[in-house]
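Work through the exercises below with the coordinates open. Each task is followed by a stepwise solution.

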Amino acid sequence: MRKTMAIFRMLPLLVGILYLAASGRTARAHDEAATGSRFVCNAIPPGAEPGCAIPLPTGNRVQTTSVAEDELRLTILQLRETILQQKETIVGQQGTIKELNAKLARCEASADDASQGGRARGQGSRRKEHGKNTMGDLPRDPGETIDQLGKTMQSLKGRLESLEQRQQQQLRLPSTNLSSSSSGGGLGGGGGPAVAAAAAAAALPPLAPLPTELRELLRQRVEVLEGQLLRKVAELEEEKSQLLNETADHRQRTENTLNSLLERITELERSMCCIHNDQPSPPSTANNAFKSPEDFKVSLSLRTNYLYGRIKKSLPEMYAFTVCMWLKSSASPGIGTPFSYGVPGQANEIVLIEWGNNPIELLVNDKVAQLPLSVSDGRWHHICLTWTTRDGFWEAYQDGERLGTGDNLAPWHPIKPGGVIILGQEQDIVGGRFDATQAFVGEMSQFNIWDRVLRPADIIGMANCSAYMPGNVIPWVDANVEVMGGATKAPLEICEDRAFDS
């Protein structure tokens with residue numbers, strides 16, 4: 001009975017122990033269920049046993065690994081953007097290279113067209129406005145083609161400079177972005193992913209090599225273009241020189257043929273006249289001598305570009321001159337060009353011209369002075385012109401009277417030697433390329449040149465026929481003057497003829 005009572009007394013204690021034990025197992029099972037879904041994989045160090053316990057990583061380590069992944073992701077994005085920018089740059093510069101190739105093709109086509117069309121164009125004189133060249137003078141210089149090629153080269157160089165500026169801007173742009181990113185990270189307090197991305201981008205290789213290669217390629221292309229342009233210009237100049245020589249030869253042959261025909265016609269006319277009058281034929285005019293070497297005149301009866309006279313002698317270097325002549329003309333408008341002196345490099349070294357409705361002009365080294373002279377009344381007039389290099393002072397005399405003076409006409413310029421003196425035509429090149437609209441129409445005589453300024457008394461004496469002074473540089477003698485293209489020489493006693501006119 002006592003044992004039974006003792007068991008009853010112990011029963012509550014046992015029930016309590018069992019409850020506590022059951023509660024502990026339930027709590028442990030709940031914890032295992034709560035934590036059993038997370039597995040952390042750790043690398044096993046070399047030589048370690050798989051069953052050995054490895055320390056578990058802490059929460060801070062997992063957070064650090066996540067930040068590194070973000071930084072790598074940002075770096076990859078930055079690299080991808082850089083590659084896309086380089087790709088766009090390459091595509092744009094490939095298009096530029098194609099444009100340069102197209103420009104080169106157009107330049108070559110333009111140069112070929114210019115070289116073929118150069119033979120059909122001629123170059124006008126300095127004062128030409130319009131007029132017809134009756135002999136079909138030389139083609140003009142291909143200046144328009146050369147100017148067009150030069151403009152093309154300037155355009156290509158401009159494109160190259162624009163590309164270089166654009167490349168420099170692209171090179172400066174990444175550094176600016178990196179600086180702004182670094183500044184933004186600092187403001188964020190602690191750097192973070194932006195600072196890491198900027199550092200990774202700064203560690204990338206620079207973009208300079210690719211633009212440098214392209215710039216070098218473009219420079220090489222421009223040099224090739226310049227070389228081709230220079231060769232084309234040289235070829236055009238050579239063709240121009242050949243055309244000049246061919247045309248000069250053709251003109252000379254034409255003039256010789258015209259002179260031969262004129263002499264033959266003159267001989268036939270005299271022969272027919274003598275046969276009709278039953279008289280012996282006289283010798284030809286070419287073999288006749290004038291009463292005195294200076295008593296003759298040169299007649300230019302038509303306004304053409306193939307009638308002219310030529311002085312066989314040339315001028316020495318001079319620092320002053322006097323030119324005197326007798327002129328008779330009634331041509332209108334303007335008497336044309338009584339004489340011109342051209343030297344290599346300057347076809348208008350000395351020119352006397354009345355062209356169109358302009359006044360008579362004296363040109364020295366292509367500088368112009370207008371003269372107050374009037375000789376287009378169909379009568380003989382004595383004209384004298386003086387010039388000195390000192391201050392470019394000049395004087396103009398008509399019939400012994402000084403009508404005009406001036407200065408600053410090519411001052412301190414020496415007259416160049418070794419040129420060609422043409423009577424009746426204005427020269428566009430030395431000895432040729434005449435313009436019919438500027439030709440002299442009329443008669444001239446006693447064309448003399450001195451290398452000094454004559455005294456007024458000497459000029460008055462020649463104008464009044466009281467004295468005759470042949471030029472000490474160019475005297476007016478028959479043997480010194482040849483006529484071309486149908487121009488004629490005839491006997492003349494100027495003072496008697498002038499007296500008859502008056």
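The exercises concern a predicted model, and they cover a strand, a disulfide, a threonine and some salt bridges.

**Exercise 1. Determine whether strand E1 is enclosed or open, and find which strands it pairs with.**

Step 1. Strand E1 spans residues 296-300, and five of the five residues are buried. The strand is therefore largely enclosed by the rest of the structure.

Step 2. Sort the side chains by direction. Phe-296, Val-298 and Leu-300 point one way from E1, while Lys-297 and Ser-299 point the other way, and all are buried.

Step 3. Look for bridges. E1 is joined by four bridges to strand E14 (residues 488-491), and the two run antiparallel. In that pairing, Ser-299 has Thr-488 as its bridge partner.

Step 4. Four bridges also join E1 to strand E12 (residues 442-450), again with the strands antiparallel. Here Leu-300 is partnered by Gly-442.

**Exercise 2. Locate the disulfide and state which parts of the chain it ties together.**

Step 1. The structure holds one disulfide. Its members are Cys-324 and Cys-384, with sulfur atoms 1.9 Å apart.

Step 2. The angle about the S-S bond is 115°, and the link of Cys-324 and Cys-384 is right-handed.

Step 3. Place both ends. Cys-324 belongs to strand E3 and Cys-384 to strand E8 (residues 380-388), so the pair ties together parts 60 residues apart in sequence.

Step 4. Check accessibility against the cut-off for buried, under 20% relative accessible area. Cys-324 has 1% and is buried; Cys-384 has 0% and is buried as well.

**Exercise 3. Describe the surroundings of Thr-322.**

Step 1. Thr-322 lies in strand E3, which covers residues 320-328.

Step 2. The relative accessible area of Thr-322 is 0%, so the residue is buried.

Step 3. Leave aside neighbours within four places in sequence. The contacts of Thr-322 then include Leu-385 and Thr-386, together with Asn-448, Ile-449 and Trp-450. Arg-452, Val-453 and Leu-454 are also in contact with Thr-322.

Step 4. For Leu-454 there is a polar approach: its backbone nitrogen lies 3.1 Å from a polar atom of the Thr-322 side chain.

**Exercise 4. For three salt bridges, give the N to O distance and classify each partner as buried, partly exposed or exposed.**

Step 1. Start from the total: the structure holds six salt bridges. Side chains of opposite charge can pair when their charged atoms come close.

Step 2. Take Glu-443 and Lys-297, whose side chains meet in a salt bridge at 3.0 Å, N to O. The pair links distant parts of the chain, with Glu-443 in strand E12 and Lys-297 in strand E1, 146 residues apart. Both Glu-443 and Lys-297 are buried.

Step 3. Take Arg-310 and Glu-482, where the closest N and O atoms are 3.8 Å apart. This pair also links distant parts of the chain: Arg-310 is in strand E2 (residues 308-311), Glu-482 is in strand E13 (residues 481-484), and they are 172 residues apart. Arg-310 is partly exposed, with a relative accessible area of 26%, and Glu-482 counts as partly exposed at 25%.

Step 4. Take Arg-455 and Asp-458, whose closest N and O atoms are 3.0 Å apart in a salt bridge. Arg-455 has 54% relative accessibility and so counts as exposed. Asp-458 has 16% and so counts as buried.

Note on methods
Residues are numbered from 1 along each chain as its sequence is written. This is a predicted model: local features need pLDDT of at least 70, side-chain atom pairs count only at pLDDT 80 or more; totals for chains, interfaces and linings use all residues. Side-chain values use heavy atoms; hydrogens and water are left out. Buried means under 20% relative accessible area, exposed over 50%, partly exposed in between (1.4 Å probe, protein chains only). A polar contact is a pair of N or O atoms within 3.5 Å; within protein, one must be able to donate a hydrogen and the other to accept it, and residues adjacent in sequence count only if both atoms are side-chain atoms. Contact means heavy atoms within 4.5 Å. Two strands pair if DSSP finds at least two bridges between them. A disulfide is a pair of cysteine sulfur atoms within 2.5 Å. A salt bridge is a side-chain nitrogen of Lys or Arg within 4 Å of a carboxyl oxygen of Asp or Glu.
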